[in-house]
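Subject: A structure for you to look at

Hi,

Here is the structure I promised to hand over. Please open it next to this email and follow along as you read.

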Amino acid sequence: MRFLGLLNKLNSLLIKTTARELPKRSMACSRYEYVKTYEQDDTILPNVWIVIRIDGKKFHKFSKTHNFEKPNDENALNVMNAAATAVMQEFRDVVLAYGQSDEYSFVFRKETAAFKRRSAKLLTYVTSLFSTSYVMQWSKWMSLPLAYAPCFDGRVVLYPSDENLRDYLSWRQADVHVNNLYNTAFWKLVLDSGLSNQTAEERLRGTFSADKNELLFQEFGINYNNLPAMYRKGTILLRKRVISDGDNDQNGRQAIVPLHEDLISSHFWKVHTEILGKYVPGTYTAPEIMPRLVDLQLNTKQEKGDYEKKQPENLAGIS
Ligand code: GTP
Ligand code: MG
């Protein structure tokens with residue numbers, strides 16, 4: 001009997017110990033663990049340009065709800081630019097970003113090792129950071145409050161050669177030209193001449209660029225080439241050393257600056273050699289009125305502090 005009692009005690013001690021240890025052991029090596037093998041490796045090939053393009057969901061409706069000016073709302077476009085700037089501040093390997101309408105493309109340098117080049121990580125971080133930054137920036141630029149949360153889709157596209165990358169960006173900039181010329185003519189016909197949407201559409205159907213330029217000039221006295229460059233060319237964001245009057249630092253301070261240049265021309269790539277070549281930012285001579293996007297980075301105490309903390313290590317000492 002005494003022997004049986006001892007055996008029972010031993011048994012219950014064993015059960016208690018096993019129960020205490022069970023959760024730990026089952027997590028480390030459970031029969032469920034095989035499910036991990038279903039996850040796919042999405043590491044991006046080495047030595048390719050990684051482009052992430054985000055695009056606003058149903059911005060046709062979003063722009064209407066928030067009374068965007070037609071066809072271009074300068075402030076709304078700047079919310080996009082400011083959100084893209086936030087992405088570039090966080091992701092130091094983005095060498096260029098290009099935006100127009102409700103889309104933005106982010107170009108990661110070929111050698112980037114960010115998130116071990118894992119496609120899903122890069123895509124989801126960029127897309128979610130862009131979305132949250134868009135919301136954070138909204139009230140700095142817009143007077144109407146946000147009526148609902150905007151959201152953006154995203155895709156990763158890889159380009160093996162510099163030529164492919166340039167062609168990709170040229171494609172996006174050509175898209176701005178085609179759309180903006182059409183939209184400018186369309187909304188002039190509707191808003192100024194009182195045509196219905198349908199009549200304006202019929203009037204423009206089958207016309208070439210030269211016809212729309214002529215229409216704008218003849219009927220509305222508008223020289224299309226004199227419209228703001230941001231509307232005609234989109235926005236290119238680059239890291240530059242900003243040289244401005246009154247700044248004692250001759251080397252300038254680093255910021256992400258907006259340019260509205262023609263990136264289809266080879267001149268652009270000769271001037272901004274840091275994009276395809278060695279990653280050393282060029283200089284940006286500030287215009288008389290500093291773009292607010294840059295001013296916010298250089299002059300706002302809190303943002304300036306945050307910004308400087310985040311400068312790439314290989315550029316230390318420049319700012
Ligand atoms: P999905 O992207 O397919 O969800 O549709 P979408 O409605 O966002 O259309 P898409 O991305 O093709 O085009 C963007 C739309 O955003 C334009 O057609 C415009 O309606 C609107 N939009 C973008 N920027 C501006 C702007 O500055 N002013 C105005 N009025 N509308 C703009
Ligand atoms: Mg869209």
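Let me begin with a term that comes up often: a residue is called buried if its relative accessible area is under 20%, exposed if it is over 50%, and partly exposed in between (1.4 Å probe, protein chains only). By that scale Pro228 is partly exposed, because its relative accessible area is 41%.

Two notes on how to read the rest. This is a predicted model, in which local features need pLDDT of at least 70 and side-chain atom pairs count only at pLDDT 80 or more, while totals for chains, interfaces and linings use all residues. Residues are numbered from 1 along each chain as its sequence is written, chains are lettered from A and ligands numbered from 1 in the order in which they are written, and side-chain values use heavy atoms, with hydrogens and water left out.

The strands

Helices (H or I, at least four residues) and strands (E, at least two) are DSSP runs, numbered from the N terminus. A good place to start is strand S3, residues 103–108. Six of its six residues are buried, so S3 is largely enclosed by the rest of the structure. Glu103, Ser105 and Val107 point one way from the strand, and Tyr104, Phe106 and Phe108 point the other way.

What does S3 pair with? Two strands count as paired if DSSP finds at least two bridges between them. Strand S1 (residues 49–56) pairs with S3 in the antiparallel sense over six bridges, and Ile54 has Tyr104 in S3 as its bridge partner. Strand S2 (residues 94–100) also runs antiparallel to S3 and is joined to it by six bridges; here Ala97 is partnered by Phe106. The hairpin of S2 and S3 has two residues between the strands, and Ser101 takes a positive phi near 50 degrees there.

The magnesium ion

Which residues hold the magnesium ion (ligand 2)? It is coordinated by Asp55 (OD), Gly56 (O) and Asp102 (OD), at 2.1 to 2.2 Å. Donors here are N, O and S atoms within 2.8 Å of the metal (3.2 Å for Na, K and Ca), and since water is not among the atoms, sites may look incomplete. In sequence the donor residues are spaced D-G-x45-D.

The six donor atoms around this ion subtend angles of 80 to 178 degrees, and therefore the arrangement is octahedral. For six donors, that word asks for opposite donors over 155 degrees apart and all others between 65 and 115 degrees. Of the donor residues, Asp55 is partly exposed because its relative accessibility is 23%, whereas Gly56 is buried, with a relative accessible area of 6%.

Ligand 1

A residue is near a molecule if one of its heavy atoms lies within 4 Å of it. There are 15 residues around ligand 1, and Asp55, Lys58, Phe59, His60 and Asp73 come nearest. An oxygen atom of ligand 1 is 2.9 Å from an N or O atom in the side chain of Asp102. A nitrogen atom of ligand 1 is 3.1 Å from a polar backbone atom of Pro71, and a polar side-chain atom of Ser63 lies 3.5 Å from a nitrogen atom of the ligand.

Some residues to click on

A polar contact is a pair of N or O atoms within 3.5 Å; within protein, one must be able to donate a hydrogen and the other to accept it, and residues adjacent in sequence count only if both atoms are side-chain atoms.

- Asn72 sits in the loop between helix H2 (59–65) and H3. Asn72 counts as buried because its relative accessibility is 16%, and its side chain makes a polar contact with that of Asn180 (2.8 Å).
- Asn81 is in helix H3 (residues 74–90) and is buried, with a relative accessible area of 2%. Its side chain makes polar contacts with the side chains of Asn78 (3.1 Å) and Thr235 (3.5 Å).
- Pro228, from the start of this email, lies in the loop between helix H7 (209–220) and helix H8 (229–233). Pro228 and Asn72 are 156 residues apart in sequence and 10.0 Å apart in space, C-alpha to C-alpha.
- Ile256 is found in strand S6 (residues 253–259) and counts as buried, at 0% relative accessibility.

Enjoy exploring!

Key:
Four donors count as tetrahedral if all angles lie between 85 and 135 degrees; four count as square planar and six as octahedral if opposite donors are over 155 degrees apart and all others between 65 and 115; anything else is irregular.
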